[in-house]
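Trainee: I have a structure open and would like to learn how to read it. Where do I begin?
Mentor: Begin with one residue, then widen the view.

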Amino acid sequence: MGWITSEDLRGFVKNLQAGDEQWLQLACDVAVEKVEELCGPIAWADITEEYVQVERSPEVCLSSRVTRGLVGITTYDGLALTVTDWRADGQVLQRRDHALIATDLLVSYRTGYYDDTAEGAAPPSWAKAMALPIAQQYLTAMRRFSATGQPPTGAAFLVPYAALEVGHDYLLWKGGVA
């Protein structure tokens with residue numbers, strides 16, 4: 001189950017029609033997937049042995065932010081490295097001594113912003129504030145929810161700028177570190 005619900009979206013878009021439940025849930029699922037694509041896992045997650053290709057650089061870029069700590073680092077050929085010799089700042093991993101990283105790595109780390117298994121736990125407000133307008137935009141682009149039966153002009157995008165503005169501090173960098 002996603003971390004926003006059809007009830008969250010129903011209140012956000014002021015939809016009171018019970019028959020729209022499947023569409024609202026679909027929009028929620030799409031929005032959660034999009035936010036996690038843009039920002040990484042929202043609920044706590046463990047990334048195990050992420051392969052990181054290195055080209056003799058002082059730092060490398062991971063696919064998600066290290067929000068709850070590094071667990072293990074090994075070279076691609078299996079040599080275990082001392083985790084305390086490394087520092088993670090968001091997605092960027094570097095050696096504490098600032099030496100060049102000369103070999104590909106397998107990195108395990110913990111990410112995410114809340115424990116979805118704890119009773120009463122809720123996703124961060126910025127994540128919900130990103131997901132709800134994305135879900136609303138998804139509904140708007142669907143013919144069934146537009147006033148004329150045609151998608152409105154300018155609805156060809158899924159992620160509204162407002163959603164990107166809310167989550168700008170959490171967006172992942174999809175490139176590499178040079």
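Trainee: Leaving aside neighbours within four places in sequence, which residues is W44 in contact with?
Mentor: Keep in mind that this is a predicted model. Apart from its close sequence neighbours, W44 touches R68, T111, G112, Y113, Y114 and D115. One of the distances shows how the chain brings remote positions together: W44 and R110 are 66 residues apart along the chain, yet their C-alpha atoms are separated by 7.3 Å.

Trainee: Where does W44 lie?
Mentor: W44 sits in the loop between α2 (21-39) and β1 (45-52).

Trainee: Why is W44 called partly exposed?
Mentor: The label depends on relative accessible area: buried is under 20%, exposed is over 50%, and partly exposed is in between. W44 has 42%, so it is partly exposed.

Trainee: How many helices and strands does the protein chain have?
Mentor: The protein chain has four helices and seven strands. Read from the N terminus, their order is α-α-β-β-β-β-β-β-β-α-α.

Trainee: Which strands make up the open sheet, and in what order?
Mentor: To read a sheet, follow which strand pairs with which. Here an open sheet of three strands has the order β2-β6-β5, and its pairing is antiparallel. Its edge strands are β2 and β5, each of which pairs on one side only. On average, neighbouring strands of this sheet are turned by 25° against each other, direction ignored.

Trainee: How many bridges join the strands of each pair?
Mentor: Three bridges link β2 (residues 59-61) with β6 (residues 92-95). Four bridges join β5 (residues 86-89) to β6. For particular partners, look across from β2: V60 has L93 in β6 as its bridge partner, and E59 stands opposite Q94. From β5, R87 also stands opposite Q94 in β6.

Trainee: What is found between β5 and β6?
Mentor: These two strands form a hairpin with two residues between them. In that hairpin, G90 takes a positive phi near 65°.

Trainee: How should I read a helix?
Mentor: Start with the general rule. An α-helix has 3.6 residues a turn, so residues three or four places apart point the same way. Then check length and burial. Helix α3 (residues 125-141) has 17 residues and spans 25 Å from its first C-alpha to its last, close to the 24 Å expected.

Trainee: Which residues of α3 are buried?
Mentor: The buried ones are W126, A127, M130, A131, L132, P133, I134, A135, Q137 and L139. The buried residues of α3 pack against α1 (6-13), α2 and α4 (161-166).

Trainee: How many disulfides are there?
Mentor: A disulfide needs a pair of cysteine sulfur atoms within 2.5 Å. By this rule the count is zero.

Trainee: Are C28 and C39 buried or exposed?
Mentor: C28 has a relative accessible area of 0%, so it is buried. C39 is at 2%, so it counts as buried too.

Trainee: What do the figures for the protein chain say about burial, contacts and surface?
Mentor: Buried residues make up 38% of the 178 residues. Of the contacts between residues at least 6 apart in sequence, 73% join residues at least 24 apart. The accessible surface comes to about 10000 Å², and 53% of this belongs to carbon and sulfur atoms.

Terms used:
Residues are numbered from 1 along each chain as its sequence is written. This is a predicted model: local features need pLDDT of at least 70, side-chain atom pairs count only at pLDDT 80 or more; totals for chains, interfaces and linings use all residues. Side-chain values use heavy atoms; hydrogens and water are left out. Buried means under 20% relative accessible area, exposed over 50%, partly exposed in between (1.4 Å probe, protein chains only). Contact means heavy atoms within 4.5 Å. Accessible areas come from the Shrake-Rupley method with a 1.4 Å probe; for residues, only the protein chains shown count as cover. Two strands pair if DSSP finds at least two bridges between them. The expected span of a helix is 1.5 Å times one less than its number of residues. Axes are lines fitted to C-alpha atoms, for helices over the stretch in contact, and angles run from 0 to 180 degrees between N-to-C directions.
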